[in-house]
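Grab a pencil and try these exercises before you peek at the solutions.

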Amino acid sequence: LTDYESKDTGLGVSIAYSSPEIEATVYIYDKAKKNIPSDFDDAVVRDEFKLVLEEFKKLHPKAVQTKEATYDLSSIYEFYVTDETHKLNTLIALSVVNGMFVKLRMTAPHEPDINQLTRNSFEVFQNIVGQYRSKSH
């Protein structure tokens with residue numbers, strides 16, 4: 001667990017997971033905003049997702065979008081290939097739970113078995129976030 005909040009109000013916390021195949025980090029933060037709306041069509045949420053993608057693209061200028069922004073009941077998300085060899089996939093997802101942004105960034109090699117593991121991990125994230133979102137409405 002990394003605590004950014006104690007050094008810079010609004011940056012929250014993150015928790016990272018790493019294996020030889022997958023790296024994933026979940027961030028929970030509010031950018032010092034109160035009562036962030038949970039509607040993915042709200043400008044506050046759309047602007048944050050746009051900023052998240054811009055920051056990602058600065059770190060990975062050769063990243064290629066492979067799936068346009070999509071959202072369901074749990075999160076808004078996009079998929080990218082993050083290197084020129086097309087051997088790494090990155091998923092970026094953003095949600096809002098109890099007035100806080102919840103962001104997931106997951107990167108893994110583009111291999112059939114690992115792709116399935118990545119999809120399964122994302123489904124778990126969606127289920128957990130979806131459950132908390134449904135409780136907060």
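Below are three short exercises on this predicted model.

**Exercise 1.** Find where Lys31 and Asn35 sit, and work out what their phi values have in common.

*Solution.* Start with location. Lys31 is in the loop that runs between strand 3 (23-29) and helix 1 (43-59). Asn35 belongs to the loop between strand 3 and helix 1 too. Now check the backbone. Lys31 has a phi near 55°, which is positive although the residue isn't glycine. For Asn35, phi is also near 55°, again a positive value in a non-glycine residue. Why look twice at that? Because most residues other than glycine have a negative phi.

**Exercise 2.** Decide for Lys31 and then for Asn35: buried, partly exposed or exposed?

*Solution.* You need two cut-offs: buried is under 20% relative accessible area, and exposed is over 50%. Lys31 comes in at 27%, so call it partly exposed. Asn35 has 71%, so that one is exposed.

**Exercise 3.** Track down the largest nonpolar core and say which element gives the most to it.

*Solution.* First, the size: the largest nonpolar core has 16 residues. Tyr29, Phe49, Tyr80, Ile92, Leu94 and Phe101 have the most contacts inside it. Next, the elements: strand 3, helix 1, strand 5 (76-81) and strand 6 (88-97) each give two or more residues to this core. Helix 1 gives the most, with five residues. Then zoom in on Phe101: leaving out residues up to four places away in sequence, its contacts include Tyr29, Ile36, Val44 and Leu94. Last, don't miss the other core, which lies apart from this one and has 14 residues, including Ala93, Val97, Ala108 and Ile114.

Note on methods:
Residues are numbered from 1 along each chain as its sequence is written. This is a predicted model: local features need pLDDT of at least 70, side-chain atom pairs count only at pLDDT 80 or more; totals for chains, interfaces and linings use all residues. Side-chain values use heavy atoms; hydrogens and water are left out. Helices (H or I, at least four residues) and strands (E, at least two) are DSSP runs, numbered from the N terminus. Buried means under 20% relative accessible area, exposed over 50%, partly exposed in between (1.4 Å probe, protein chains only). A nonpolar core is a set of buried Ala, Val, Leu, Ile, Met, Phe, Trp, Tyr and Cys residues joined through side-chain atoms within 4.5 Å. Contact means heavy atoms within 4.5 Å.
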